Amino acid sequence: MEKVLMINYQKCTGCRLCELVCSVMHDGVSNPARSRIKVMKWESEGLYIPMSCQQCEDAPCMNVCPVKAIHRDEDLGFVTVDYDVCIGCRSCVAVCPFGAMNYNIIDKKVFKCDLCGGDPQCARFCEVKAIEYVDADRISIGIKRVAAERLSTAQRDAAALQAAM
Amino acid sequence: MALNRKIAFIDLSTGDIEVKPIPLDVRKKFLGGRGLDAYLLYNHTKKGCDPLGPDNTLMVSGGILAATCASATARTHFMAKSPLTGLLGSANMGGFFAPELAWAGFHHLVIKGKSEKPVYLRIHNGQIEIRDAAHLWGKTTTETQWAIREELGDEDIKSAVIGPAGENLVAYANVMTGIKNAAGRTGMGCVMGSKNLKAIAARGTMDIKIAHPVDALEYNKRFIDQITSAKVNQTQGSLGTPFIWGATNCWGGIRTRNFQYNQCENADDIEPERIDEICTEAMGPYHMTGCFGCQVHCRAQYKIPSGPYAGKYDEGPEYTSLGAFGGEPDCKSAETVLTGNHLVDQYGIDNLEIGSIISWAMELYELGILTSKDTEGVDLRFGNDEALIEMIHRICYRKGWLGDTLADGGIPASEKIGKNSFEYLIQVKGMNNLHSDERATPALALGIATGSRGSDHLRSRPAIDLYHLPEKILRQIYSNPVPYDGPLSSEHTAYEGKPWQVFWQENCYMGVDCLGICKYHTTFLGATLPNFEDWAKVLYYNTGIEMSPKEIWDVAERCYNIERLFNLREGMTRNDLKKGDTLNHRYFDEPCRRGAPDVIGLTIDRDKFKKMIDEYYAHHGWDENGVPTAETLKRLGLDKEPSRLL
Ligand code: SF4
Ligand code: SF4
Ligand code: SF4
């Protein structure tokens with residue numbers, strides 16, 4: 001079964017450990033500018049949203065690439081760049097709707113999440129579980145539960161209202 | 001590489017900037033952060049310099065592990081001669097500033113001189129620029145940070161800034177970053193204000209090469225598991241530091257009505273669970289946040305529920321805000337505490353100091369030492385929430401005679417107010433104590449009395465003394481990395497062995513402060529958390545420096561001794577009630593009136609206290625006046641100070 005990163009931004013504390021471990025794991029350096037994941041912040045509202053590649057089915061980056069440098073990894077299903085083919089035109093950066101294709105000014109290369117080859121470090125280190133690595137068919141289960149809870153509260157409220165009338 | 005991070009000497013009078021590498025032998029002697037700052041302070045200030053003059057030197061630094069793959073390496077340290085105490089000024093903050101400074105290429109800034117007009121420093125990938133700050137002057141701490149981002153067009157800039165309190169030279173103004181992170185103690189924001197330095201803005205994308213990345217990652221994971229499996233951190237991670245306030249208050253260790261009681265009664269509205277409810281209501285079930293790379297996430301997010309500031313977002317209130325605006329002034333409403341917390345964050349002032357000073361003024365007012373003429377109409381009784389909030393405004397803007405007087409700090413204020421006001425001031429070395437009451441805990445009392453920056457819980461507090469750990473466990477902790485076979489007692493009311501615990505904790509906290517790690521990640525509130533052994537490993541994995549746990553201990557001891565040398569040079573003596581290793585007489589004379597049976601009736605015993613100080617000096621290798629002996633200085637390699645290695 002294919003696995004995906006499931007992000008629940010409400011749980012995120014904004015610590016950016018995911019950015020740190022992503023750059024250490026891939027490049028042996030601490031540098032968020034090299035991280036495949038980035039936590040977008042609205043500090044004056046206390047809102048933090050980690051953004052990473054969604055490994056889209058119909059991936060715009062893959063479609064736009066003029067030299068077909070982007071393909072899907074057969075085992076793990078993530079979208080990956082073949083640097084031997086890539087010409088560094090950055091079209092994929094421009095077209096990604098999530099900003100998940102990055103450009104590294106030091107090495108002059110595009111780079112993106114590769115699920116750390118099957119052991120995503122961001123998910124491993126995120127102790128509050130804002131990022132989890134789950135089977136693709138489980139991705140909506142959390143949202144379902146929250147929505148269902150909302151529904152049942154609404155129904156209870158409605159019933160109470162009716163009873164009171 | 002962490003080790004190629006530089007030091008910059010910045011002269012605000014001339015505009016000169018000099019950037020230098022930090023030699024490896026200096027690293028091995030002082031590591032970085034607070035330790036190296038202490039060395040720089042001793043070497044770059046002259047005896048008796050005016051804390052608010054151009055000759056005072058302000059150090060800003062990250063630890064040697066800043067932004068590396070250790071754990072929670074977020075701390076920024078500030079050091080200068082303190083305008084509050086005239087002795088060592090030193091304050092430490094979390095957040096995201098130090099990592100950004102490190103990615104921008106720097107570990108240490110040494111700021112001298114004084115700018116003619118308001119300026120701020122922009123630090124970006126190895127470059128430092130002094131920029132005009134006229135448009136920032138007068139702004140609050142968050143307004144300043146957002147304005148800098150907007151001006152420079154980069155939302156990832158992290159700034160350390162002062163607010164109105166720093167501009168107005170309030171002696172205990174702090175430096176802030178983000179919403180809540182504060183380098184709170186000893187008036188480092190006042191020093192920035194005196195230099196017309198509104199902010200330091202950092203932004204960097206420079207690699208920090210990790211010496212052994214795989215090991216560093218794995219060890220970090222181990223660290224995190226160790227840290228998050230500690231019960232105390234799990235509770236902190238959900239209730240934040242208010243949980244400590246709740247537990248301590250229940251037991252009878254919270255100063256109330258300045259120093260009249262040791263427990264705040266009927267405080268339901270500010271109990272940790274109630275605060276948690278307010279946070280949940282405004283911010284949902286997941287409302288904790290934290291500093292860079294930290295998995296303790298001890299800060300809650302909230303919105304003020306009611307009153308004139310209703311709806312304002314802030315973080316906290318931490319342990320100290322509950323004490324400063326709840327227990328000490330005996331104002332037990334959540335609205336008041338959350339509002340007070342918000343105001344100090346925005347104005348940029350130390351919550352501990354301002355809460356403590358206002359409570360002192362309240363006691364003076366009730367005693368008739370201060371009159372309504374002095375307060376210009378403010379009814380400064382205990383429990384008057386409005387008066388508390390009003391005094392926060394007045395002090396930060398130096399409004400009215402009393403606001404202006406209290407803004408100078410406790411001792412100068414007591415000299416101006418006169419009568420016997422000084423006798424009621426709960427201070428050590430000119431800095432007020434936080435809201436905790438140490439009469440039932442000789443170890444904690446010794447810690448605040450001897451702390452190198454004045455009365456404080458983050459210099460040497462053996463907080464685990466309250467857990468009554470079996471002696472065997474205490475011995476495991478306290479006889480590493482140097483042997484100790486003297487007495488140790490599980491009893492918090494005992495005097496035996498406490499001097500050693502205080503000495504050990506001093507070195508432990510100095511250790512984390514040199515590395516740049518948060519104290520919640522070491523032997524502070526949890527007995528099982530990492531210390532010297534683990535630091536030797538993370539230091540090696542991240543920087544490649546090979547040092548034994550004992551060698552790190554030696555660095556800590558060396559640096560603590562430099563802080564002592566600085567204080568001695570500035571005129572501290574053992575028994576001086578304003579500058580010495582002393583306690584307010586009330587600790588000895590007024591028994592605890594509330595709390596658990598093992599607290600009620602207790603005072604600190606004068607003779608035993610004196611004996612503890614003697615013993616504490618002996619552990620240090622200091623003479624009976626608290627002066628390091630020639631032998632000690634030689635042992636620590638400090639016999640040729642100032643040595644100007646940098
Ligand atoms: S590690 Fe988790 S909590 Fe921390 S910033 Fe990343 S997603 Fe958020
Ligand atoms: S940067 Fe490389 S991968 Fe991206 S679109 Fe251009 S050629 Fe393709
Ligand atoms: S899965 Fe790996 S590569 Fe992808 S964002 Fe997380 S740490 Fe980075």
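**Domains and salt bridges in chain B**

Mentor: In this predicted model, the domain assignment splits chain B into domain 1 (1–214 + 438–572 + 605–646) and domain 2 (230–432).

Trainee: How far apart are the C-alpha centres of domain 1 and domain 2 of chain B?

Mentor: The two centres are 24 Å apart.

Trainee: And how many residues of each domain are in contact?

Mentor: On the domain 1 side of chain B there are 56 residues, in contact with 51 residues of domain 2 of chain B.

Trainee: How much area do they bury between them?

Mentor: About 4,100 Å², with 61% of it on carbon and sulfur atoms.

Trainee: What about salt bridges and polar contacts across that interface?

Mentor: The rule finds four salt bridges between domain 1 and domain 2 of chain B. For polar contact, the number is 24 residue pairs, both residues at pLDDT 80 or more.

Trainee: Which helices supply the domain 1 side?

Mentor: In chain B, helix H3 (97–103), helix H4 (141–152), H5 and helix H17 (442–450) each supply at least two residues of the side of domain 1 that touches domain 2. By class, that side of domain 1 of chain B has 26 nonpolar, 24 polar and six charged residues.

Trainee: Switching topic. How many salt bridges are there over all chains?

Mentor: The count is 52.

Trainee: Take B:Glu167. Which residue does B:Glu167 form a salt bridge with?

Mentor: The partner is B:Lys198, with the closest N and O atoms 2.6 Å apart. B:Glu167 sits in helix H5 (residues 164–167) of chain B and B:Lys198 in strand S12 (residues 197–203) of chain B, so the pair ties together parts 31 residues apart in sequence.

Trainee: Are B:Glu167 and B:Lys198 buried or exposed?

Mentor: Both B:Glu167 and B:Lys198 are buried.

Trainee: What is the N to O distance for B:Asp614 and B:Arg574?

Mentor: Their side chains meet in a salt bridge at 2.8 Å. This pair links distant parts of the chain, 40 residues apart: B:Asp614 is in helix H23 (residues 606–620) of chain B, and B:Arg574 is in the loop between helix H21 (549–569) and helix H22 (586–589) of chain B.

Trainee: Why does B:Asp614 count as partly exposed?

Mentor: Because its relative accessibility is 29%, and partly exposed falls between the 20% and 50% cut-offs. B:Arg574 is buried, with a relative accessible area of 10%.

Trainee: Which residues are linked in a network of salt bridges?

Mentor: The network links A:Asp27, A:Arg34, A:Arg36, A:Asp107 and B:Asp207.

Key: Residues are numbered from 1 along each chain as its sequence is written. Chains are lettered from A and ligands numbered from 1 in the order in which they are written. This is a predicted model: local features need pLDDT of at least 70, side-chain atom pairs count only at pLDDT 80 or more; totals for chains, interfaces and linings use all residues. Side-chain values use heavy atoms; hydrogens and water are left out. Helices (H or I, at least four residues) and strands (E, at least two) are DSSP runs, numbered from the N terminus. Buried means under 20% relative accessible area, exposed over 50%, partly exposed in between (1.4 Å probe, protein chains only). Domain bounds come from an automatic or database domain assignment. Contact means heavy atoms within 4.5 Å. Buried area is the accessible area (1.4 Å probe) that two parts lose on being put together, summed over both. A polar contact is a pair of N or O atoms within 3.5 Å; within protein, one must be able to donate a hydrogen and the other to accept it, and residues adjacent in sequence count only if both atoms are side-chain atoms. Ala, Val, Leu, Ile, Met, Phe, Trp, Tyr, Cys and Pro count as nonpolar, Asp, Glu, Lys and Arg as charged, and the others, Gly among them, as polar.
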